[in-house]
Amino acid sequence: MGISSFLRQLLPLLLLVSLLSSCDMEQEIEVKLPDMPTQMVVECYLINGEPMKLALQESSSYFAGPEALLVEGATVTITRNNGTPVTLKDTVLVDEVNRKVYTHYSPARVRATPGDVFTLVISDPKGRRLTGTTTVLPRVPIDSVGYKFNSKPEQSQEAYLLVRWQDNPDQKNFYRLLVHKNDTSGIDSQLDAEVNDRLRNGQKITYTTTYRFDRNDTLTVKLFHLDEAYYDFISSVEDARRANGNPFAQPVTIKSTVAGGFGIFTHLNSDSQTVIIK
Amino acid sequence: MFLLFLFLLPFSAAWAQNRVTLGGTLRSAATGEVLIGASVSVAGTTTGVETNTNGVYTLPLDPGTYQIQFSYIGFQTLTREVVLTRNTRLNVELLEEASQLGEVVVESERNTFQERLSTPQMSMETLSSREAKLLPALFGEVDIIKTLQLKPGIQSGGEGSSGLFVRGGSSDQNLVLLDDALVYNPSHLFGFFSVFNPDAVRGVELYKGGFPAQFGGRLSSVLDVKLRDGNRKEHDVSGGIGLIASRLSVEGPIQKDKSSFLISGRRTYVDVFTRLINKSQESDPEWSPIPDYYFYDFNAKASFELGPNDRLFLSGYYGRDFFKFNDEDFNFNFNWGNKVGSARWAHQFSSRFFVNTTFSASNYEYAIKNELDIYSFSLTSNITDLTLKSDFEYISSEHHHLRFGAAVTDHRFTVGRLEANSQDGTVNIGAGNKYRGQEYGVYASDDWTFSPAFTLSYGLRLSGFYNDGKNFLGLEPRAAASYRFSETLTLKANYTRMFQYVHLISNSGASLPTDIWYPSSPGVKPQRSDQYTLGLTKLYKGKYLLSTEAYYKKMNRQLDLRDGAEIFGNNELEQEFVFGTGDSYGQEFYVEKKEGKTTGWIGYTLSWSNRTFPDINNGRTFPTRFDRRHDVSVVAIREVSKRVNATATFVYGTGNAYSLPVQRFIFQDVNGEDFTVIPVYPDRNSFRLAAYHRLDLGLVYKLRPKRGTSDLTFSVYNVYNRRNPYFVYFETIEDEETKQITGFVAKQVSLFPVIPSVTYNFKF
């Protein structure tokens with residue numbers, strides 16, 4: 001909210017001081033990092049009607065080569081409500097449209113209803129074991145999506161976007177709102193916001209963006225209903241990413257939803273609407 | 001509590017019948033301002049006293065004829081013959097020295113050093129505005145807090161910061177008093193400048209330990225700042241024009257020799273230039289405008305002599321920092337600042353018995369306002385205090401100097417008041433809490449001169465805090481002893497316990513204006529510290545004061561926030577708190593020379609500062625960000641001629657402890673459009689930034705205007721253009737065309753390169 005945008009604007013002011021001289025106030029340095037054992041990192045999103053697939057990698061020393069390290073010979077299973085475990089095969093899949101890479105796959109499609117519990121177990125030949133569980137939440141429908149232009153001349157007008165939905169008063173709720181622009185180059189992310197109902201329990205929640213959309217933009221708005229663990233994970237990932245390069249930030253521990261490594265294992269449910277800014 | 005006082009009374013009964021008292025007030029002959037901490041002594045002996053905060057001295061002596069010497073830094077020493085047959089009042093005015101640090105002040109320095117040897121008070125630094133003005137800091141701005149950071153045991157938060165980290169304490173553990181009123185946030189612009197305008201300030205005393213019993217409420221230091229009273233004899237206008245700020249003061253008598261006023265103000269004008277830059281770039285669509293930033297502050301003081309035994313002082317401060325970002329659609333305003341006021345009535349019952357009664361008010365607040373079309377968002381926090389206190393001072397004999405008193409403060413807190421609204425009523429969110437608490441304390445202490453060599457200072461403070469049906473009590477013993485082995489060598493020891501009932505909640509490693517003050521409550525116990533100090537003070541060749549102090553400080557119930565805590569708009573803030581302990585220890589070395597053409601000091605501190613929280617860093621002890629193993633400062637002031645003073649300051653400090661990621665992983669996220677690199681952090685503060693060191697040079701050149709005085713102050717900050725680390729981050733290198741990640745590098749960001757500046761100061 002206000003604070004983070006304040007801090008973002010503060011930095012140029014601080015660095016303005018360096019305008020006083022033409023010196024570059026930023027320089028490359030050498031940092032010696034201690035050797036620490038690497039850990040398994042998993043990303044697995046279960047989506048109703050889609051095959052089970054996940055990406056498994058190894059964390060790497062910060063200054064190691066840029067390529068992601070794969071985990072060799074891992075056994076991956078997903079179980080629904082104490083049913084028969086489904087084994088995901090070690091197969092590298094590339095999703096060209098969404099530009100995603102998966103390392104494990106099973107053609108078994110996800111069938112989930114709210115309240116179902118899924119369990120993930122990964123073990124590898126080094127004896128490491130990574131586990132996670134997730135409970136399926138009901139979808140929360142978007143009430144309405146709107147937009148409004150600012151008062152600039154028509155050619156340079158920009159609009160803000162407004163999304164509304166109803167919060168369930170009986171529980172703590174967590175949401176993630178993603179907005180994409182559909183264009184020829186594929187997906188173009190416009191907004192990624194994590195929202196909770198702490199101050200708006202049971203109310204109609206309204207989320208507004210800044211003025212940033214142009215005439216004729218076609219926007220897809222997706223509202224995800226998250227559990228607290230996923231909300232904490234995505235917030236900690238975002239905080240950790242921001243902490244690197246922010247002198248005011250404290251270091252952040254990644255709050256994984258899995259044990260025995262880093263990562264996320266969750267069921268995704270979302271409601272989406274498309275709007276054309278006219 | 002007052003049993004202690006009763007216990008002391010027999011000593012005062014021992015007041016020798018044949019003893020008489022010489023007492024009075026010391027003032028500047030030029031301005032009529034009282035001189036605090038001036039030395040009054042019997043020439044040729046070690047018998048002497050210092051003037052108190054009202055400039056009053058009390059010297060018990062046998063009847064007889066004496067040569068009494070009055071001296072004060074920067075003033076000509078005056079010797080008067082006094083024939084004492086009964087209690088005598090002798091008010092004295094001292095003439096200012098033309099040269100600020102010339103030979104003639106030798107005597108007063110000797111007396112100051114003698115005082116340091118004879119008092120059991122340790123762990124205290126004093127600095128006058130006069131001294132600070134010779135040592136300009138960043139952008140040529142004189143800053144008394146930054147100059148204090150050059151003393152051992154007092155660390156800055158880093159580049160440009162005026163945050164104080166005293167003996168391993170946190171920046172909220174400093175009791176900052178401006179004319180006896182509490183100042184909650186003593187910095188402008190995130191600590192680049194302190195709120196104390198050097199033109200209005202007379203001087204500061206900083207206690208790092210050995211806290212006298214009249215002070216309480218903070219764990220690690222007391223910063224006692226006094227404003228000048230203003231000229232009682234004639235009107236003066238003074239000021240300065242600097243690179244980024246200007247200041248102006250007016251002072252003079254309200255009624256000649258009876259009362260005076262002082263009004264002082266300053267403002268920065270960087271915003272004028274940034275607006276010009278923004279305007280010139282208006283046509284560039286890529287240009288992202290530099291936000292507006294400025295601050296201003298005002299000090300005002302009036303002092304009145306109500307009668308021979310009564311004086312009244314009114315003192316006020318108002319300051320605001322502004323940070324604005326406005327364009328057609330988006331409106332972001334952020335302002336913060338202190339409002340401080342005090343009224344002090346000083347009454348003298350007799351030449352040996354004084355009382356100061358002070359009523360003060362203090363407020364700190366910040367407000368962030370954000371507007372977009374019909375939506376508005378605001379976030380405010382504030383704390384408001386009202387304090388009433390009385391401090392009595394009774395010099396019962398030359399062996400006993402008693403102090404006792406009481407204070408009560410009403411605190412009101414508004415914590416994280418958040419409002420979000422829309423004009424159409426579809427959005428209406430409010431959050432935040434109001435708290436109220438009462439803090440109180442009573443104390444008594446005695447400085448007992450047991451023998452010429454042995455002095456004991458002991459006291460007790462009973463403090464307490466009431467909030468939400470819960471009452472906390474704290475018993476704070478204070479004890480100091482000094483033993484003088486010889487004329488030139490003194491051993492001192494000290495123990496103090498302190499309690500702190502209000503806490504600063506900070507979600508950043510640095511001090512930001514958005515940090516929130518929070519009261520002790522049923523869920524948040526008061527902080528407590530115990531500090532032990534042992535020291536030696538030695539006068540070498542009559543002109544070098546050498547001292548060393550070793551300290552150990554244990555801090556309990558330290559407060560921090562859990563990872564990822566949300567402190568804004570959170571109605572259950574206490575759930576985000578975690579509690580732990582801290583300990584710090586080290587040894588400080590100090591050499592000072594105040595005599596001769598070249599004066600200055602060298603300070604060195606070897607120290608450790610750690611914290612342990614069960615919920616942070618998996619319970620493992622970690623160093624604080626400002627844990628500084630080695631800290632060196634060298635200050636040299638050279639009187640080149642009557643018109644030119646040259647200064648050099650060098651500082652060296654072990655790099656700040658810092659957290660850096662050791663590993664990373666790739667995160668694809670739900671969409672996978674852009675991979676992001678997520679850093680994995682190890683133990684908190686497990687890395688060290690590169691060492692900090694810097695040399696500053698300054699030159700004060702006195703001009704010869706037709707009227708009044710003026711000077712040009714030249715300074716060069718960071719002479720050899722050292723790239724001191726401000727922070728370090730890891731950058732991802734991408735191929736420009738393919739956007740493929742090709743590697744990672746560490747980058748270090750520095751803030752201030754070599755900065756020359758010039759300031760014109762005037763007084764007429």
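Which order do the strands of the open sheet of three strands in chain A have? I began with this point, keeping in mind that the model is predicted, and I read the order as β11-β12-β15 of chain A, with antiparallel pairing. I then noted the edge strands, which are β11 (142–149) and β15 (204–208) of chain A, each pairing on one side only. For the twist of this sheet I wrote down an average of 20 degrees from one strand to the next.

I followed one pairing of that sheet in detail: β11(A) and β12 (residues 159–166) of chain A run antiparallel and are joined by seven bridges. Within this pairing I looked up Tyr147(A), and its bridge partner in β12(A) is Leu161(A).

**Domains of chain A**

I next took the domain assignment of chain A, which gives domain 1 (40–135) and domain 2 (142–276). Their C-alpha centres lie 24 Å apart, and the contact takes 22 residues from domain 1 of chain A and 15 residues from domain 2 of chain A. On the domain 1 side, I listed β2 (40–47), β9 (117–123) and β10 (129–135) of chain A as the elements that give two or more residues. Of these, β2(A) gives the most, with eight residues. Sorting the residues of that same side of domain 1 by class, I found 12 nonpolar, six polar and four charged.

**Chain B as a whole**

For chain B I recorded five helices and 48 strands. I compared its radius of gyration, 27 Å, with the 27 Å that the globule rule gives for 764 residues; the two are close, so chain B is as compact as a globular protein of that length. Along the principal axes, the C-alpha atoms of chain B fill a box of roughly 95 × 65 × 50 Å. I also noted that 49% of the 764 residues of chain B count as buried, and that, among contacts between residues at least 6 apart in sequence, 64% join residues at least 24 apart.

**Domains of chain B**

The domain assignment of chain B gives domain 1 (2–102), domain 2 (124–225) and domain 3 (226–763). I looked at the first and third of these, whose C-alpha centres lie 34 Å apart, and whose contact takes 25 residues from domain 1 of chain B and 30 residues from domain 3 of chain B. On the domain 1 side, the elements that give two or more residues are α1 (2–13), β1 (20–28) and β4 (56–61) of chain B, and I marked α1(B) as giving the most, with six residues. By class, I entered 12 nonpolar, 11 polar and two charged residues for that side of domain 1 of chain B.

**Between the chains**

Finally I turned to the two chains together, where 71 residues of chain B are in contact with 74 residues of chain A. Among the strands that each supply at least two residues of the chain B side, I noted β23 (330–350), β24 (353–372), β46 (727–734) and β47 (741–749) of chain B. The strand that gives the most to this side is β47(B), with nine residues. I counted the side of chain B that touches chain A as 45 nonpolar, 17 polar and nine charged residues.

Which sense does the pairing of β1 (residues 26–29) of chain A with β47(B) have? I found it antiparallel, over four bridges, and in β47(B) the bridge partner of Glu28(A) is Lys747(B).

Definitions and conventions. Residues are numbered from 1 along each chain as its sequence is written. Chains are lettered from A and ligands numbered from 1 in the order in which they are written. This is a predicted model: local features need pLDDT of at least 70, side-chain atom pairs count only at pLDDT 80 or more; totals for chains, interfaces and linings use all residues. Domain bounds come from an automatic or database domain assignment. Two residues are in contact if their C-beta atoms, placed from the backbone, lie within 7 Å. Ala, Val, Leu, Ile, Met, Phe, Trp, Tyr, Cys and Pro count as nonpolar, Asp, Glu, Lys and Arg as charged, and the others, Gly among them, as polar. The radius of gyration is taken over C-alpha atoms; the globule rule is 2.2 Å times the number of residues to the power 0.38. A residue is buried if 20 or more other C-beta atoms lie within 10 Å of its own, exposed if 12 or fewer, and partly exposed in between; C-beta atoms are placed from the backbone. Two strands pair if DSSP finds at least two bridges between them. Axes are lines fitted to C-alpha atoms, for helices over the stretch in contact, and angles run from 0 to 180 degrees between N-to-C directions.
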